[in-house]
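Q: Could you walk me through this structure, please? I am new to it.

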Amino acid sequence: MSLSFFLLLLFFPFSLSQTPPRGLLINCGAHSAAQFDNRTWLPDSGFISSGSPKTVTTPVLFPTLHTLRSFPRQVKKHCYNIPVYRGAKYLVRTTYFYAGVNGADHPSPPVFDQILDGTLWSVVNTTRDYSDGNSSFYEGLFLAQGKIMSLCIGSNTYTDSDPFISALEFLILEGSLYNTSDFTKYGLALVARHSFGYSGPPIRYPDDLFDRVWEPFGQSNSTQASTDNVSVSGFWNLPPAKIFETRIGSDQLETLQLRWPTASLPSSNSKYYYIALYFADDTAGSRIFNISVNGITYYHNLNVIPSGVVVFASQWPLSGPTTITLTPAASSSLGPLINAGEVFDVLPLGGRTLTRDVIALEKVKQSLRNPPLDWNGDPCMPRQYSWTGISCSEGPRIRVVTLNLTSMDLSGSLSPFVANMTALTNIWLGNNSLSGQIPDLSSLKILETLHLEDNQFSGEIPSSLGDISSLQEVFLQNNNLTGQIPANLIGKPGLDIRTSGNNFLSPPAS
């Protein structure tokens, strides 16, 4: 195993005001903006074009749970497009409260996927929380690699009723937070974040300046702590000072075992987790102990001091149940303690379609009057959620290689931006109601097939088609094309060209 260990006592210059975290708060299904806890929540209609807003009739604990947006499960992907600052690190949080909106035939919440850009983030299963009368939230840390991030709801094979979402948050994190992770390759999906020994309501903003959620985790050996000397402003990952007010542990020289996180983690040889454990103590005496996770040494001879320490590993293998063991060192006069902890799933990013192709497809979408309903989010990724009619290349540079919308009852025109997708080998748009002129496709140097038959294209056939040496099939029959068939297409070796049913000045050569 290749593991990374860090013990950091950092006091770098840093200033944070008590202003709310920057970013967007979106109240899904709401019709107007509203203020909750002195923060503005926006309606979601400006960020998504599909789904239906619905109102929850059961009592809710927080105002944003009064509404939600529901999505027809027959469409495989529905996406929010969120404007972001490229290069900024974002905490993304999704919240779900079902409230039985799919009717009496579906008393349990649907199970579906959530997708961030081109990465399958997680399966959304809120069944247990909903049976307890609670909402569910999912939290992840992601880098904005462009000016838009997409959060998509995907109808997977488990879904037997319409998926939904209640709230969506995109909050900007300080660049130093969790920065031992390479966010160009990985995201972090929250598994657990707890304040140990604490039994109150979840700790959030304004205690946590980034509105992270620290949930209570009390045990019989929980105690109050006196940690006035903790310098949070210089503390790695900038946790809230409130998490150091309680702890699990004692002054007795005895081993402390903590089953945490409480849920059993998926068994996989390739799963890695980011673990951060937080400690502080100003009790007279020494508090030195060893930390192991599932019997493997995590840190040796940790000396807990009044100003606080954090120990973390950016990639640690875990599976099944997890036990953290704190064992007093021989030199310690006091037993071990722990104040808080975070565990994230290290999530390999699924890749993104080349920006050039994404922009071109958006232009194609705009030129169609009725594009496929799932043309949202990343066109190629995740693979199981690629756009209808799109196939893409393998490897790190993901390109669109086929556009196949045959017999999709499409109308509108074919945007000339289609020629910017220079990896295209096949265009199949036959048997639709597309009109307008055929654009110049000469930049598609590896195009092999062009099927535009049985449409309403007009104007002349671009002579530049004859310059594409790779062309094998050009099917243009049954349109409203005029003029003459370009000479460089007639008799072109290896080319099957079909043009019957048009209004040409002269018939094609046989």
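**A first look at the strands**

A: Strand β21 (residues 288-293) pairs with β22 in the antiparallel sense, over 5 bridges. Please bear in mind that this is a predicted model.

Q: Which residue is the bridge partner of V293 in β22?
A: The bridge partner of V293 in β22 is I296.

Q: Where is N294 found?
A: N294 is found in the loop between β21 and β22. Its phi is near 50°, a positive value in a residue other than glycine.

Q: Is N294 buried or exposed?
A: Neither word fits, because N294 has a relative accessibility of 36% and counts as partly exposed; the partly exposed class lies between the limits of 20% and 50%.

Q: What is the order of the strands in the open sheet with β21 and β22?
A: The order is β19-β24-β21-β22, an open sheet of 4 strands with antiparallel pairing. Its edge strands are β19 (256-259) and β22 (296-303), each of which pairs on one side only. On average, neighbouring strands of this sheet are turned by 15° against each other, direction ignored.

Q: Changing topic: how is the protein divided into domains?
A: There is domain 1 (23-173), domain 2 (190-348) and domain 3 (355-498). The centres of domain 2 and domain 3, taken over C-alpha atoms, are separated by 56 Å.

Q: What is the strand order in the open sheet of 6 strands?
A: That sheet has the order β27-β28-β30-β32-β34-β36, and its pairing is mixed. At the edges are β27 (390-392) and β36 (496-498), each pairing on one side only. The average turn between neighbouring strands here is 10°, direction ignored.

Q: How many bridges join β28 to β30?
A: Strand β28 (residues 400-404) and strand β30 (residues 426-428) run parallel and are joined by 3 bridges. Opposite L403 stands I427 in β30.

Q: And helix α2, what span should its residues have?
A: Helix α2 (residues 355-367) has 13 residues, which at 1.5 Å a residue should span 18 Å. The C-alpha atoms at its ends are 19 Å apart, which agrees.

Q: Which residues of α2 are buried?
A: The buried residues are D357, A360, L361, V364, K365 and S367. Seen down the axis of α2, these residues fall within an arc of 160°, so they line one face of the helix.

Q: What do the buried residues of α2 pack against?
A: They pack against β27, β28 and β29 (411-413).

Q: Back to loops: where does N478 lie?
A: N478 lies in the loop between β34 (473-475) and β35 (480-481). Although N478 is not a glycine, its phi is positive, at about 60°. With 39% relative accessibility, N478 counts as partly exposed.

Q: Is T126 buried or exposed?
A: T126 is buried, with a relative accessible area of 3%, and the limit for buried is under 20%. T126 lies in the loop between β10 (119-124) and α1 (127-131). Leaving aside residues up to four places away in sequence, T126 touches Y96, P109, S136 and F164.

Q: One last topic: which residues does a cis peptide bond join?
A: One such bond joins Y205 and P206, with omega about 10°. P206 is found in the loop between β15 (186-196) and β16 (215-217). The peptide bond from W260 to P261 is also cis, with omega near -5°, and P261 is found in the loop between β19 and β20 (272-279).

Notes:
Residues are numbered from 1 along each chain as its sequence is written. This is a predicted model: local features need pLDDT of at least 70, side-chain atom pairs count only at pLDDT 80 or more; totals for chains, interfaces and linings use all residues. Side-chain values use heavy atoms; hydrogens and water are left out. Two strands pair if DSSP finds at least two bridges between them. Helices (H or I, at least four residues) and strands (E, at least two) are DSSP runs, numbered from the N terminus. Axes are lines fitted to C-alpha atoms, for helices over the stretch in contact, and angles run from 0 to 180 degrees between N-to-C directions. Domain bounds come from an automatic or database domain assignment. The expected span of a helix is 1.5 Å times one less than its number of residues. Buried means under 20% relative accessible area, exposed over 50%, partly exposed in between (1.4 Å probe, protein chains only). The arc is that of the directions from the helix axis to the C-beta atoms. Contact means heavy atoms within 4.5 Å.
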